[in-house]
Amino acid sequence: MSLLVSSVLALSSCSTDRTAATAPPTTTATTATTTSAAPAPQRVARLGAAVSAERLASAEPDAELVARHFDSVTPENAMKWSTTRPSATTWNWVGADAIVEFAERSGLDVRGHTLVWGQPSGNGMPPWLKETLNPADFTAAVLDGIDTQVTRYRGRVQRWDVVNEPFEALSGELQKNVFFERMGPDYIEQALRAARAADPDAELWINENATEYLPAKADALVELVRGLKGRGVPLDGVGLQTHLFLDAPLPAGAIADLIGGLRELGVDVALTEVDVPGGSANRDPTAQQALWKQVADECVAAGCVELTTWGVTDASTWLDSPTVRAGIPFLESFTVPTRPLLFDESGQAKPAFDIIEEALTRR
Ligand code: XIL
């Protein structure tokens, strides 16, 4: 298990209580529906998808599927500073604007992703920022970046993943990334306060990976949130990425317990990047479906407010891209498509979609 998890992290980084679900979404599939005559059932949590502006504008079915079936979009890469800030003095809003406009046309929420991401192997950080060595210059660039981006989308982006992956890949230690080194250990707090100042009405989130597989990391996340809330730092939600692996058994209750522990601290919780690639040894899609069900049931039972999938169709998954696979030994040897999402390559709903819909509309 740890090999699989560490491989993926190096790159990027039950019991069901039907009465416990709370926190209805701010939008529903009903408002998003443009092509379906039948009213969509009311969901108890948002269904979201990571999207790319290129695929939304293409002949691929992504745009129609998202408008019809989802409540929220997360720009997969278009709002990362590696995209929006090509140099210290220039901004690129092309993809981000297109996604926000698409969301507005379709009646969808936007989860802005992401402002501060120091994972060395991630694509959050433009080279020029990494090379800004002077702490004062670096801090100014970070706070200015948050202010500029959040202000631009004030009132149009409902929530921001302000800080992505603050912890080390495999432990509960705060990652000693360039933000930590140059701004100090309170860089998370500084970032959240800057975002709140730029848009007092946007929800502010932190987002972390692999907590469902790593109990010490989950505990550390809870303690981080406890500390931030205790100091009055503006924090509204915690995202659990939930990139899953068939070959790494997911302990029953791990997701529900963590959601419950976080909610007790007064934050919303969402599963923000769910995908379930087929296992290298197990090509049986029923195993994938069982994992989707486990995750969705625990999410809803524990009162999550959103379940977002990392992509729309199996053709749009990051896990099949050659560069991503090259960084993940588990996937390097994986010669078939991972098929980790709710719609197949041609846009047909897979059985997993019905499983998710059933879970999200359960009362
Ligand atoms: C991924 C994108 O999906 C890829 O297209 C890109 O090459 C790398 O980043 N955790 C995150 C996301 O928070 O931003 C990452 O997205 C996947 C892992």
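Reader: What makes the pairing of E76 with the ligand a polar contact?

Author: A polar side-chain atom of E76 lies 2.4 Å from an oxygen atom of the ligand. A polar contact is a pair of N or O atoms within 3.5 Å, so this pair qualifies. The model is a predicted one, in which local features need pLDDT of at least 70, side-chain atom pairs count only at pLDDT 80 or more, and totals for chains, interfaces and linings use all residues. Residues are numbered from 1 along each chain as its sequence is written, and side-chain values use heavy atoms, with hydrogens and water left out.

Reader: How do you know that W310 and N123 also make polar contacts with the ligand?

Author: An N or O atom in the side chain of W310 is 2.9 Å from an oxygen atom of the ligand. For N123, a polar side-chain atom lies 3.5 Å from a ligand oxygen. Both pairs therefore meet the cut-off. On its own, the ligand has 420 Å² of accessible area, and the protein covers 86% of that area (Shrake-Rupley method, 1.4 Å probe).

Reader: Which residues surround the ligand, and what makes them count as near?

Author: The shell has 14 residues, and the closest are E76, K80, H113, E273 and W310. Each of the 14 counts because a heavy atom of the residue lies within 4 Å of the ligand. By class, the shell has 3 nonpolar, 7 polar and 4 charged residues.

Reader: Why is the space taken by the ligand called a pocket?

Author: The ligand takes up the largest pocket. On a 1 Å grid over the protein atoms alone, a pocket is an open set of points with protein on both sides within 12 Å along at least five of seven lines, whereas a cavity is a set where a 1.4 Å probe fits but cannot get out. The ligand sits there because more than half of its atoms lie within 2 Å of the grid points. The largest pocket holds about 380 Å³ of space.

Reader: What makes a residue part of the lining of the largest pocket?

Author: A lining residue has an atom within 4 Å of a grid point. The largest pocket has 22 such residues, and E76, N77, K80, W318 and V324 lie nearest its centre. The elements giving two or more residues to this lining are β3 (109–117) and α14 (322–326). Its classes are 5 nonpolar, 13 polar and 4 charged residues.

Reader: Why does the peptide bond between H113 and T114 deserve attention?

Author: The bond that joins H113 and T114 is cis, with omega about 0°. Most peptide bonds are trans, so a cis bond departs from the usual form. T114 is found in strand β3.

Reader: What makes the phi of E165 worth noting?

Author: E165 is not a glycine, yet its phi is positive, at about 50°. Most residues other than glycine have a negative phi. E165 lies in the loop between β4 (159–164) and α9 (178–183).

Reader: How do you know which residues enclose the second largest cavity?

Author: The lining of that cavity consists of T211, E212, L240, T242, A254, I255 and L258. Helix α12 (residues 254–263) supplies the largest share, 3 residues. A helix is a DSSP run of H or I with at least four residues, and a strand is a run of E with at least two. The second largest cavity holds about 30 Å³ of space.

Methods: Points joined across faces, edges and corners; volume = space filled by probe spheres on them. Nonpolar A, V, L, I, M, F, W, Y, C, P; charged D, E, K, R; others polar. Polar contact = N/O pair within 3.5 Å; in protein donor to acceptor, adjacent residues only side chain to side chain.
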